[in-house]
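Open the model in your viewer and keep the selection tool at hand. Each stop below says what to pick and what is there.

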Amino acid sequence: GLCAPAQASAGAAAEWPLAALVTVTLLATVLAGTILLCQQLCRERRRHQQRAAHKSAQTEALCESLQRFEGFANATDCGFGMAELDGTITYVNPALTRMIGEARPEDAVGRRIADYYPPELHDKLLNEVLPTVMRTGHWSGEMRLRRCDGDLLDVEENYFFVRDEEGTPRLIANILTDIRARKSTEAQLRLMASVFEHSGEAILITDASNAIITANRAFTALTGYSLDEVRGRNPRILSAGLTSESVYRHMWRSIDSSGYWQGEIWDRRKDGAIYPKWLSISSIRNAAGETTHHIASFTDITERKQIEERIQHLAHHDPLTGLPNRLQLEGRIRQALADARRDGNALAVVFADLDNFKFINDSLGHHIGDRLLISVAERLRAAVRDSDIVARLGGDEFIIVLTRLDDAQVAIALCEKIRQHVGERFDIDGHALHTTLSLGVSLYPLDGRDADTLMRAADAAMYHAKGEGRNNIQLFDSRLNEAAAMRVRTETRLRDALEHGHFLLHYQPQFTTIGEHIVGVEALLRWQPPDEEMVPPNQFIPLAEDTGLIVPIGAWVIDEALAQLARWRSAGIDGLRMSINLSAHQLRLRELPRLIGRSIEQHGLQPADLELEVTESVAMRDPESTIGILTQLRDMGIALAIDDFGTGYSSLSYLKLLPISRLKLDRSFVHDIESNPNDAAISAATISLAHTLGLEVVAEGVEGPAQLGMLTQLGCDLLQGYHFSRPLAAPALADFVRDWRASH
Ligand SMILES: Nc1nc2c(ncn2[C@@H]2O[C@@H]3COP(=O)(O)O[C@H]4[C@@H](O)[C@H](n5cnc6c(=O)[nH]c(N)nc65)O[C@@H]4COP(=O)(O)O[C@H]3[C@H]2O)c(=O)[nH]1
């Protein structure tokens, strides 16, 4: 909307002085003649007053004419001046007096024309302007006056002769117009034109009939068309034919009603390439409200669209592997289910989880971990059909949706293929890595008819696979649902057990490697329902944790273990530290430190008599609050140990932040330590790492002399396991300690 109104006003600005100039020139020519005559006649009148008595009527008429001229000359904004042929000024009107900056017209009279031009224009004045007037009778053009105060003033000048009755040039007259306003308008116009020309946006101007009048450089750069090629044509020639008619209809409706439209349309370049552009169109109307022009400006938004697509992609894909993420997966499963329903096919949802990813990630670094995930993603993708879906949920969890299956057998066979593929060696940055997959499978329509149910079923099946020792495939089994019902029954029984004292503790001694002294015991929870077999903790603790029952049960354990330690003390068995397992729920209890402190006090013990064990995964969950509570406990003087070390999620750097004093090397590493070089290496690394961090290492699950030998050699500090003793009931433990101490 900038150009056209500016043009209109510039046109007006340019037009009126011209028209005025012509009028003024004509008038002035006539009047200049008149004034000349008047002056002559008036002089004559003075000289020959008596002689001229008979001519007085004529003289009066002329004087009247002179007055009229003066009236005009005084009123006009145009400068008017006259000079002798030699350049001596004889007359200036008030406007010219103002232009040249004199106080009164008389001040200019008698001076020379050249006095009012800057020296650099003297040459032009004397050698071009005045000679031209002499030769041709007139000169017109732009000049610059130098005012008395030295300021310069741009003017348009019209020099001409005033001739006498015989036609002989007698005077030089000049009509001047101040063109400062026009000049600045022109400068502004030039600026506008260069904005137009240099704009990064392509700009196109059409007339009322929408024929192209002009276009700028960016237009040519963008479309490939030169101005000559498009002038007079309808911008329709730019269209790629991809934008629907309704878009154009809407566009014109909006331009007609509001004078404006913007939006996205597809165009074709001269070379045929199609591109999306963001287009704004404004219509320009004249005072009567009629559209005179349209101004269209547009930019190529190919790049912006690409970025948008990339953002879209990022929102729906896992950035690491490029696989669809959970968001995308949901839509795709729904689609796949709709297809399966229509075609009467089966479909399998497979939950796949890498078994030892965390360990690889933590020990070799995120860089290797990431590369491994990428490679696993590639193998998963390669193992299935293009029409199947492979997605990553995050971490080391993948979902595979196998479509168009004839039956469950095919799903199992495909999963087996996947398991084997991924189980093969990966060579990453010089590391030969092995990883295995635990796979859980649910089938449509057997296990569920909607995405949610199928995902949940596959997830349950995957956990089952983990529970079955990892690296295997489990089909969802409705018995997993029965297991859920069973859990509800067990929960009731657990509450009952707590109320009726059906829990008890067993204790397993811990030994120093050097000297094999008993220095502590670990309290291990047992459930002894009446008239039934004793239940090991793994069978009820997970449920107790899920239901929150672990909190009261855990409180009971702490109090009972400390009471037992006090009883042993009074029976003369001392030098024992009590290790107690804490669950994640307990760590979330703010009053935990206070509870423990009270219990220690009640039983007349010291904080140093107690050691709390938290599993690695628990310590790593919600690190901030965990560190807070653990630090409080440590500050009380209680020792802390990380249980099952090596199986969980630790990042080694994070370990440094924990206020711990011991690591318990998981028994899965201890178990094969003498036969499996991997396990031996992990154990060795853990022990040396712990020592570097100033921590002691307790090996759990020491079952035989070979493991003992190996752990001794690796410098492990403390040992615990069947090799020395199984967990024992309190009286048996007391006997064991007495016997051991007597015989060692
Ligand atoms: N194969 C083998 N196993 C050995 C050997 N020596 C000891 N064990 C077993 O290893 C487990 C060691 O406990 P944990 O790692 O803390 O693992 C514990 C601990 O995480 C949890 N737990 C036990 N008591 C409590 C408790 O009071 N509170 C909480 N929150 N968790 C408990 O239950 C887990 C299992 O406890 P348990 O069944 O008593 O199993 C005990 C123990 O009986 C050995 O030489 N070979």
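**Stop 1: K466 and its partners**

Select K466 and D353: their side chains make a polar contact of 2.7 Å. This is a predicted model, so read each distance as a property of the prediction.

Now show the backbone of L354. Its oxygen lies 3.4 Å from a polar atom of the K466 side chain. Helix α15 is where K466 lies. Colour residues 451-467 to see that helix.

Is K466 buried or exposed? Its relative accessibility is 18%, so it counts as buried, the cut-off being under 20%.

Expand the selection to what K466 touches. Setting aside residues up to four places away in sequence, you should pick up D353, L354, D355 and S438.

**Stop 2: the cis peptide before the helix**

Step back to the loop between β16 (437-444) and α15 (451-467), where P445 sits. Which residue does a cis peptide bond join to P445? The partner is Y444, and omega is about 5°. Most peptide bonds are trans.

**Stop 3: F426 in strand β14**

Select residues 426-428 for strand β14. F426 is found in this strand. With a relative accessible area of 2%, F426 is buried.

Add L372 and draw a line between the two C-alpha atoms. The separation is 7.6 Å, although F426 and L372 are 54 residues apart along the chain.

Which residues does F426 touch, beyond those up to four places away in sequence? The list holds L372, S375, V376 and R379, together with H431, A432, L433 and T435.

**Stop 4: two positive phi values**

Stay close in sequence and pick D429. It is found in the loop between β14 (426-428) and β15 (431-433). Phi of D429 is near 50°, a positive value in a residue other than glycine. Most residues other than glycine have a negative phi. The relative accessibility of D429 is 44%, so D429 counts as partly exposed.

Then jump to D644. Here phi is also near 50°, again positive in a residue other than glycine. Where is D644 found? It is in strand β22, residues 639-645. At 21% relative accessibility, D644 counts as partly exposed, since buried means under 20%.

**Stop 5: E522, a buried acid**

Select residues 518-527, strand β19, and pick out E522 within it. Its relative accessible area is 5%, so E522 is buried.

Show side chains around E522. What polar contacts does the side chain of E522 make with K664 and N581? The contact to the N581 side chain is 3.0 Å. The contact to the K664 side chain is 3.0 Å.

Widen the selection to the contacts of E522, leaving aside neighbours within four places in sequence. H506, Y507, Q508 and Q510 come up. So do S579, N581, E613, K664 and Q720.

**Stop 6: the cavity**

Switch on a cavity display. Rolling a probe the size of a water molecule over the atoms shows where empty space is left. How many cavities of 30 Å³ or more does a search of the whole structure find? It finds one. About 180 Å³ of space lies in the largest cavity.

Centre the view on I89, L96, I113, Y159 and N174. Of the 18 lining residues, these lie nearest the centre of the cavity.

Next, colour the elements that each supply at least two lining residues:

- strands β1 (79-84) and β2 (89-92)
- helix α3 (94-100)
- strands β4 (152-163) and β5 (169-178)

Which element gives the most to the lining? Strand β5 does, with four residues. Recolour by class, and the lining of the largest cavity shows 15 nonpolar, two polar and one charged residues.

**Stop 7: zoom out**

Finish with the whole protein chain in cartoon. Its secondary structure comes to 27 helices and 26 strands. Of its 744 residues, 46% count as buried.

Switch to a surface. The chain exposes about 37,200 Å², with carbon and sulfur atoms supplying 52% of that area.

Last, turn to a contact map. Among contacts with a separation of 6 or more, 58% are between residues 24 or more positions apart.

Notes
Residues numbered from 1 in each chain as written. Predicted model: local features only at pLDDT ≥ 70, side-chain atom pairs only at ≥ 80, totals over all residues. Heavy atoms only, no water. 1 Å grid on protein atoms, 1.4 Å probe; cavity = no way out; pocket = protein on both sides within 12 Å on 5 of 7 lines; lining within 4 Å. Points joined across faces, edges and corners; volume = space filled by probe spheres on them. Nonpolar A, V, L, I, M, F, W, Y, C, P; charged D, E, K, R; others polar. Buried < 20%, exposed > 50% of the residue type's maximum accessible area, 1.4 Å probe, protein only. Contact = heavy atoms within 4.5 Å. Areas by Shrake-Rupley, 256 points an atom, 1.4 Å probe, with all protein chains shown as cover. Polar contact = N/O pair within 3.5 Å; in protein donor to acceptor, adjacent residues only side chain to side chain.
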